[in-house]
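Let's take a walk through this one together, starting with the overall layout and then stopping at a few residues along the way. Keep the viewer open so you can follow along.

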Amino acid sequence: MQIHQSAEDYLECILKLSRVRPVVRSIDIATEMNYSKPSISVAMKNLRLNGYIVVDDCGFITLTDAGMEIASSIYERHLLLKKWLVFLGVDEAVAEDDACKIEHTLSKETFAALKDHINRSMEGMENA
């Protein structure tokens, strides 16, 4: 199933928030992403209907297995790309922004090749 970049961003945000908060609510996502509450409500409804999140009676949002798979994949891409860009000398804020843009457009094959290359290159530099 094809998932839109915005949905990937929401899922990634939920994952990141869930790592630092005991619970994730729509307001937390709105604050983190600097979006309006109504926009987040519509997005969460769509994610729920597509089986990527569960929202309990208290409004706490949890990723389903399918949502976690997508969020983890995007977040892994983001972290690796940002780390690599910073390693290349890119300012951390610029690297953060660029990683967000790049993470959505790479095919699995290209990301796997980049990941292998980045890990080998950085390992070689760290051992030098």
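How many helices and strands are there in the chain? Keep in mind that this is a predicted model. The chain has six helices and two strands, and if you read along the sequence they come in the pattern α-α-α-β-β-α-α-α. So the two strands sit in the middle of that pattern, as α-β-β-α shows.

Now for the overall dimensions. The C-alpha trace spans about 55 × 30 × 25 Å along its principal axes. The accessible surface comes to about 8,100 Å², and carbon and sulfur atoms own 53% of that. Of the 128 residues, 34% count as buried. As for how the chain meets itself, take the contacts with a separation of 6 or more: 54% of them join residues 24 or more positions apart. On the charge side, there are 14 positive and 20 negative charges, and their mean positions are 4 Å apart.

Next, have a look at the second largest pocket, which holds about 240 Å³ of space. Its lining is made up of 13 residues, and Asp9, Glu12, Lys16, Met33 and Cys100 are the ones nearest its centre. Which helices each supply at least two residues of that lining? They are H1 (5-18), H2 (26-33) and H5 (92-102). H1 gives the most, with five residues.

From the pocket, move over to His78, which you'll find in helix H4, residues 65-87. Is His78 buried or exposed? His78 counts as buried because its relative accessibility is 2%, and the cut-off for buried is under 20%. Setting aside neighbours within four places in sequence, His78 touches Glu12, Glu96, Ala99, Cys100 and Glu103. Two of those names should ring a bell: Glu12 and Cys100 are also among the residues nearest the centre of the second largest pocket.

Val24 is another one to click on, in the loop between H1 and H2. Despite the loop address, Val24 is buried, since its relative accessible area is 2%. Who keeps Val24 company? Leaving out neighbours within four places in sequence, Val24 is in contact with Ile14, Leu17, Ser18, Ile29, Gly59, Phe60 and Ile61. For a sense of distance, jump from Val24 to Asp116: they are 92 residues apart in sequence, and their C-alpha atoms are 33 Å apart in space.

Last stop: Asn34, in the loop between H2 and helix H3 (37-49). Asn34 counts as exposed because its relative accessible area is 70%, where exposed means over 50%. Check its backbone too: phi of Asn34 is near 60°, a positive value in a residue other than glycine.

Key: Residues are numbered from 1 along each chain as its sequence is written. This is a predicted model: local features need pLDDT of at least 70, side-chain atom pairs count only at pLDDT 80 or more; totals for chains, interfaces and linings use all residues. Side-chain values use heavy atoms; hydrogens and water are left out. Helices (H or I, at least four residues) and strands (E, at least two) are DSSP runs, numbered from the N terminus. Buried means under 20% relative accessible area, exposed over 50%, partly exposed in between (1.4 Å probe, protein chains only). Contact means heavy atoms within 4.5 Å. Accessible areas come from the Shrake-Rupley method with a 1.4 Å probe; for residues, only the protein chains shown count as cover. Lys and Arg count as positive and Asp and Glu as negative; His and the chain ends are not counted. The place of a charge is taken as NZ of Lys, CZ of Arg, CG of Asp or CD of Glu. On a 1 Å grid over the protein atoms alone, a cavity is a set of points where a 1.4 Å probe fits but cannot get out, and a pocket is an open set with protein on both sides within 12 Å along at least five of seven lines; lining residues have an atom within 4 Å of a point. Grid points are joined across faces, edges and corners, and a volume is the space filled by probe spheres set on the points.
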